[in-house]
Amino acid sequence: MKTILEVQNLCKSFEDAQVLSNINFTVAEGEFIAIMGQSGSGKSTLLYSISGMDKITSGNVLFCGKDISKLNDEKMSEVRLKQMGFIFQHSYLLKNLSIRDNIILPGFKAGILSREKVNQNADELMKKTGIFGVAGYDIKKVSGGQLQRAAICRALINHPDILFGDEPTGALNSSTTREVMDIINSINEEGTSVIIVTHDAKVAARASRLIYLMDGNIRDEIILGRYEGNEDIKLFREKKLSEWLTKHGF
Ligand SMILES: Nc1ncnc2c1ncn2[C@@H]1O[C@H](COP(=O)(O)OP(=O)(O)O)[C@@H](O)[C@H]1O
Ligand SMILES: [Mg+2]
């Protein structure tokens with residue numbers, strides 16, 4: 001398996017407070033990683049550091065074989081726009097634009113695909129995520145679940161190599177969470193690597209590998225393997241995971 005991301009001795013401090021110390025891990029292409037840990041353990045900081053949203057204090061982050069930790073802001077923004085997708089707890093869609101316009105905007109901005117292809121891709125993504133029927137709606141007119149699906153479509157418009165999510169289901173109820181995670185699992189099945197932060201064991205059970213963060217260090221990890229199989233296997237994964245989390249006092 002090819003490596004998509006390699007994090008080497010990553011440290012991150014804010015003023016004099018060290019938040020991440022000596023983080024090392026490697027992500028293979030197609031993996032789905034969930035980062036867990038108590039509030040304040042550095043999960044979001046880790047996600048922003050490895051995706052170039054935050055400048056790191058020391059260490060290296062190799063993305064698709066290239067060291068992105070030394071890129072200037074302009075070059076880093078380009079990598080983020082063209083090769084990475086992001087979703088957060090809230091969708092951060094632009095007001096006064098339709099669902100469709102929000103989704104195609106980063107496609108036009110990146111200029112990798114023709115406008116026609118961007119529109120086609122938007123249609124396919126909206127159909128796949130079940131929001132095609134509300135494509136023309138103003139973002140104020142749709143539900144939270146639909147907004148988050150639109151955010152996923154926007155994140156995927158340029159066919160990124162990796163999708164990052166910081167508590168992407170944090171504001172959703174359990175049935176919407178399940179639907180959104182089904183979408184993320186299917187994107188992952190199609191080959192996009194995924195790294196999400198979550199504190200929900202059911203969400204984490206969708207990942208192939210889990211990293212447990214404590215006080216800015218990786219304390220442990222567990223490999224669950226691909227998310228597939230029948231309901232019994234799914235329940236078994238959740239149980240295995242919750243035992244592991246209990247062990248860590250979560
Ligand atoms: N921009 C910032 N400036 C100063 N301290 C920060 C900043 N962002 C995060 N921190 C600190 O870093 C630590 C980890 O925060 P964070 O990564 O948000 O944790 P988590 O996502 O696990 O809850 C916390 O102590 C937080 O106060
Ligand atoms: Mg956080």
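**Exercise 1. Find the residues in contact with M36, leaving aside its neighbours within four places in sequence.**

Step 1. Place the residue: M36 belongs to strand 3 (residues 32–36). Strands (E, at least two residues) and helices (H or I, at least four) are DSSP runs, numbered from the N terminus.

Step 2. List its partners, with contact meaning heavy atoms within 4.5 Å. Leaving aside neighbours within four places in sequence, M36 touches K43, T198, H199, D200, A201, A204, L210, I211, Y212, L213, L245 and F250.

Step 3. Check its accessibility. Buried means under 20% relative accessible area, exposed over 50%, and partly exposed in between (1.4 Å probe, protein chains only). M36 counts as buried because its relative accessibility is 0%.

Step 4. Try a distance: the C-alpha atoms of M36 and G59 are 22 Å apart, and the two residues are 23 residues apart along the chain.

A note on what you are looking at: this is a predicted model, in which local features need pLDDT of at least 70 and side-chain atom pairs count only at pLDDT 80 or more, while totals for chains, interfaces and linings use all residues. Residues are numbered from 1 along each chain as its sequence is written, chains are lettered from A and ligands numbered from 1 in the order in which they are written, and side-chain values use heavy atoms, with hydrogens and water left out.

**Exercise 2. Describe the surroundings of ligand 1.**

Step 1. Collect the shell, taking residues with a heavy atom within 4 Å of the ligand. Around ligand 1 you will find F14, V19, Q38, S39, G40, S41, G42, K43, S44 and T45.

Step 2. Sort by class: the shell has seven polar residues, two nonpolar and one charged.

Step 3. Look for polar contacts to the ligand (pairs of N or O atoms within 3.5 Å). A polar side-chain atom of S44 is 2.9 Å from a ligand oxygen. Backbone polar atoms take part too, with G42 at 3.1 Å and S41 at 3.3 Å from an oxygen atom of ligand 1.

Step 4. Add the area. Alone, ligand 1 exposes 560 Å², of which the protein buries 53%; accessible areas come from the Shrake-Rupley method with a 1.4 Å probe.

Step 5. Find the main contributor: helix 1 (residues 43–50) supplies three residues, the largest share of the shell.

**Exercise 3. Why is helix 1 largely enclosed by the rest of the structure?**

Step 1. Pick out its buried residues: K43, T45, L46, L47, S49 and I50.

Step 2. Draw the conclusion: six of the eight residues of helix 1 are buried, so the helix is largely enclosed.

Step 3. Look just past the helix, where G52 has a positive phi, near 70 degrees.

**Exercise 4. Which residues have the most contacts inside the largest nonpolar core?**

Step 1. Apply the rule: a nonpolar core joins buried Ala, Val, Leu, Ile, Met, Phe, Trp, Tyr and Cys residues through side-chain atoms within 4.5 Å.

Step 2. Read off the result. The largest core has 45 residues, and I99, I103 and L210 have the most contacts inside it. Helix 5 (residues 144–156) gives the most to this core, with seven residues.

Step 3. Follow I103, which, leaving aside neighbours within four places in sequence, is in contact with A122, M126, I131, A150, C153, R154 and I157.

Step 4. Turn to helix 3 (residues 99–110), where the buried residues include I99 and I103. The buried residues of this helix pack against helix 2 (73–83), helix 4 (115–128) and helix 5.

Definitions and conventions. Polar contact = N/O pair within 3.5 Å; in protein donor to acceptor, adjacent residues only side chain to side chain. Nonpolar A, V, L, I, M, F, W, Y, C, P; charged D, E, K, R; others polar.
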